[in-house]
Amino acid sequence: MMHFADSLTFSGRKVVAAWAALPFPALSGSSLPDILSAHQQDVPWKLLSSWREQKVSCCFAQSVVLRGICKEKATSCPGQPRSPLHSCGSPEQVLQQYLHTQFPGAFSTCHVLQQPCDTRPPFPQFFSPLLTSQGFLPDKAQGSSSAGVESSPVLAALQSSPALRSLLAGLCRELRAPSARRCSSFFTAGVEQDDFQEALEELRTLSQCYETGFGADGSEDEADSD
């Protein structure tokens, strides 16, 4: 995982954020272009890390893997309005085109695998009862399903984005708080005060590597320097 993250980081960056959609929101029988066309305003996967910025509009690099959307579904239905996504020749091209639209200028790699994620027990059954046994959203004609979810389409992504600056800068501020310095056990474990301060400075420098250069985060720079 460390080497994989390294392939998505450059210019002094070392951290990536994890995103996922479990299940990937798709109607049973929908084509991949139809599914992604319905999410032009925001991507259909959520951030797994917790910080205040839950929507990311740009990134530096990302790797995305989609499982469980069959290759034969990645074609437009007859009579449906054509779009750039419907003009793609393969599921990988559909997803790549979508990523370029959502994150222009970013380095993006993607893979689409036909095999879904196996969610049979002992996998925790936290799914909505409205899902089909294959993890899809049923259409109105199908109604709800009482069976458990045996498999599910899944999307997972690792992303290096400017939003990581907020997470790293916030972590730096928390570690600088007096409450952290009062934890004597932290230093009795063998960490020297000078080493601790050096690590804080390295963390602050790392957070600055995620700036976009447009001055959007200048207020946090001032706060970090206090």
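Strands are DSSP runs of E with at least two residues, numbered from the N terminus. In this predicted model, Ser160 is placed in strand β7. The protein chain as a whole has eight helices and seven strands.

Of the 226 residues in the protein chain, 39% are buried. The chain exposes about 12600 Å², and 57% of this area is supplied by carbon and sulfur atoms. Among contacts in the protein chain with a separation of 6 or more, 76% are between residues 24 or more positions apart.

Ser160 and Ala21 both illustrate contacts of this kind. Ser160 has a relative accessibility of 0% and therefore counts as buried, the cut-off being under 20%. Its C-alpha atom is separated by 9.4 Å from that of Cys58, a residue 102 positions away along the chain. When residues up to four places away in sequence are not counted, Ser160 touches Leu8, Arg13, Val15, Val16, Cys59, Phe60, Ala61 and Tyr210.

Ala21 belongs to strand β1, which covers residues 17-21. With a relative accessible area of 5%, Ala21 is buried, because this value is under 20%. Ala21 and Val154 are 133 residues apart in sequence, yet their C-alpha atoms lie 5.8 Å apart in space. Beyond its neighbours within four places in sequence, Ala21 is in contact with Pro44, Trp45, Pro153, Val154 and Leu155. Trp45 in turn touches Trp19, Ala20, Ala21, Tyr98, Leu99, Leu155 and Ala157, again leaving out residues up to four places away in sequence.

Trp45 is also a member of the largest nonpolar core, which has 39 residues. Together with Phe24, Leu36, Leu66, Ile69, Leu95 and Leu155, Trp45 touches the most other members of this core. Two or more residues are given to the core by each of β1, α2 (32-37), β3 (61-67), α3 (91-102), β4 (107-113), β7 (154-160), α4 (164-176) and α7. The core draws on both domain 1 (1-160) and domain 2 (165-209), with at least three residues from each. Another core, of five residues, lies apart from it and includes Ala5, Leu8, Val16 and Ala61. Three of these names, Leu8, Val16 and Ala61, also appear among the residues touched by Ser160.

Two of the helices that contribute to the largest core, α3 and α7, were examined further. Helix α3 has 12 residues and reaches 17 Å from its first C-alpha to its last, close to the 16 Å expected at 1.5 Å a residue. Its buried residues are Pro91, Val94, Leu95, Tyr98, Leu99 and Gln102. Seen down the axis of α3, these residues fall within an arc of 130°, so they line one face of the helix. An α-helix has 3.6 residues a turn, so residues three or four places apart point the same way. The buried residues of α3 pack against α2, β3 and β4.

Helix α7, residues 193-208, has 16 residues. From its first C-alpha to its last, α7 reaches 23 Å, close to the 22 Å expected at 1.5 Å a residue. Buried positions in α7 are Phe196, Leu200, Leu203, Arg204, Leu206 and Ser207. Viewed along the axis of α7, the buried residues fall within an arc of 160°, so they too line one face of the helix.

How values were computed:
Residues numbered from 1 in each chain as written. Predicted model: local features only at pLDDT ≥ 70, side-chain atom pairs only at ≥ 80, totals over all residues. Heavy atoms only, no water. Helix = DSSP H or I, 4+ residues; strand = E, 2+ residues; numbered from the N terminus. Buried < 20%, exposed > 50% of the residue type's maximum accessible area, 1.4 Å probe, protein only. Contact = heavy atoms within 4.5 Å. Expected span 1.5 Å × (residues − 1). Arc of directions from axis to C-beta. Areas by Shrake-Rupley, 256 points an atom, 1.4 Å probe, with all protein chains shown as cover. Core = buried A, V, L, I, M, F, W, Y, C linked by side-chain atoms within 4.5 Å. Domains from an automatic or database assignment.
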